[in-house]
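The following exercises ask the reader to work with a protein structure step by step. Please attempt each task before reading its solution.

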Amino acid sequence: MAIWRPALDPDSSNRATAIADAIAADVASGRLAVGDRLPPQRILAWALGLSPNTVMRAYDEARRRGLVAGEVGRGTYVRVPAPALPRGGLTPLSRSEDGPVDFSRNLPFTGAAAEELAATLTELGKEPGLADFLDRGEERVRAPQLAAAAAFVGRIGLEVPSSSIALANGGQQGVFSALMALSRPGDALVVEALTYQPVMAMALHLGLRLVPAAMDGEGVLPDAFEAAVRRSGARLAYLMPTLHTPTTATLGLDRRREIAAIAERREVTIIEDDVFGFLPRERPVPIAALASSRTVFVTSVSKSMAPGLRVGYVAAPGPLLSPIEAAIAVSSWMPPPLMAEIARRWIVDGTGARLNAAQQAHAARRQVLARRSLGNRAYAADPQGLHLWLPLPPEWPVSSFVAAAHEAGVRVNAGDLFAVGADKPSAVRLCLSHEMDDRRVEEGLTVIASLLAGGGRIVP
């Protein structure tokens, strides 16, 4: 394209912000398309009669908004927009059988739960006291649900009494409620250098400062974690040590012990997000089992049983549980008792274990499809994981690869969407379980493989 030149408001006092606003407007109008390269900073500065520092600040602001991505030695490109916080409605999560193949959403498959649900609802309909499930907080209902939650987390090595558990509307509300209860605006929150996108949004809304801790292929580095805590003065951290999003890493037991010891020594509370924790057939015990007084453990049944079963469990030491329960109550009071009861029954009667095994088998089959399509290409994945982490070759800038995949009918997540701090990974995340049809998954993986083989183009 010809050199892009923004139309600036002559009355604007902040020229850097005005340039960033112009980039946003031209992306929205289609004047700038995904993959378009913006002029080098010095050239645009000369064309506009501004200092290079002003244009540099403008590009930095556009990058902060998720409009552009920079590639060292290659310039600044318009990127595929990151999912934004919804303003007029929810981000659609529906599964389409046509249109682009969607590897961008990390949902489990719909599962084998329909027949089980029909049987459970039939059983419920025959029982007396059904009205208790339409009331708020009936102890006759709530107590056995908490007992089942304690048994559920006990299966992965976390032994806690039911009195230390709160019910939530899924794991995400559990994490948000813990952040609400345990932080104040301006506080530092230590996270892995690559972290779960909604946690970035939560931190933004709560006014928290994200402090990245470096990672390697196993997950967060203990020395980096302690250094991040020390330099920031943080008293709160958010970690996903099992099947980490986006990298798929699972922290080994020795490292978990080191992280637990640091939390105790530095008096840091860890929010441990374990929503994927029931998918691996083998995994270390949770950090919460090693630092019980310093860890808030969050999990749910949606990844292990069925995605629409929005029931989460938050296990926390006594002094922390009460404020977390209050935060849950402020936002939604409680999960629907009827839904929590379905989860309880499935935990107790073995249905949940069968559904989890079905999720594991489905994920394993999709991982086999990925290996078959991607061949010997190096990437990170877990045999029972829902996603994979794909490093890109040098000839493929991340923004260009994402744009090319999108143009070819495949949606993927750029690695920099998960990045906290300046280091941006040259990788993409592919989620394998959102699509319902194996055929569409294979088609999408074929496109990805062709892009990788083509070094900048699709190989037929």
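The exercises below concern a predicted model.

**Exercise 1. A helix and its surroundings**

Task: Determine how the span of helix H14 relates to the expected value, and identify what its buried residues pack against.

Solution:
- Step 1. Helix H14 covers residues 438–454, which is 17 residues. From its first C-alpha to its last it reaches 24 Å, close to the 24 Å expected at 1.5 Å a residue.
- Step 2. The N-terminal end of H14 is capped by Asp437, which places a side-chain oxygen 2.8 Å from the backbone nitrogen of Arg439.
- Step 3. Among the buried residues of H14 are Val441, Leu445, Ile448 and Leu452.
- Step 4. The partners of the buried residues of H14 include helix H12 (351–374), helix H13 (398–407) and strand E17 (427–431).

**Exercise 2. A sheet and its edges**

Task: Establish the strand order of the open sheet of 4 strands, and explain why one side of E13 and of E16 is left without a neighbour.

Solution:
- Step 1. The order is E13-E14-E17-E16, and the pairing is antiparallel.
- Step 2. Strand E13 (380–381) and strand E16 (413–414) are at the edges; each has a single partner strand, so one side of each lacks a neighbour in the sheet.
- Step 3. Between E14 and E17 there are 5 bridges. Trp389 stands opposite Arg429 in E17.
- Step 4. Helix H13 packs on this sheet and touches E16 and E17, its direction making about 35 degrees with that of E17.

**Exercise 3. Salt bridges**

Task: State which parts of the chain are linked by the salt bridge of Arg345 and Glu127, and whether each residue is buried or partly exposed.

Solution:
- Step 1. Side chains of opposite charge can pair when their charged atoms come close.
- Step 2. In the salt bridge of Arg345 and Glu127, the N to O distance is 2.7 Å.
- Step 3. Arg345 belongs to helix H11 (residues 337–349), while Glu127 lies in the loop between H4 and helix H5 (139–154); the two are 218 residues apart, so the pair links distant parts of the chain.
- Step 4. Arg345 has a relative accessible area of 10% and is therefore buried, the cut-off being under 20%. Glu127, at 35%, counts as partly exposed.
- Step 5. Glu127, Glu341, Arg344 and Arg345 are joined into one network by salt bridges that share partners.

Note on methods: Residues are numbered from 1 along each chain as its sequence is written. This is a predicted model: local features need pLDDT of at least 70, side-chain atom pairs count only at pLDDT 80 or more; totals for chains, interfaces and linings use all residues. Side-chain values use heavy atoms; hydrogens and water are left out. The expected span of a helix is 1.5 Å times one less than its number of residues. Buried means under 20% relative accessible area, exposed over 50%, partly exposed in between (1.4 Å probe, protein chains only). Contact means heavy atoms within 4.5 Å. A polar contact is a pair of N or O atoms within 3.5 Å; within protein, one must be able to donate a hydrogen and the other to accept it, and residues adjacent in sequence count only if both atoms are side-chain atoms. Two strands pair if DSSP finds at least two bridges between them. Axes are lines fitted to C-alpha atoms, for helices over the stretch in contact, and angles run from 0 to 180 degrees between N-to-C directions. A salt bridge is a side-chain nitrogen of Lys or Arg within 4 Å of a carboxyl oxygen of Asp or Glu.
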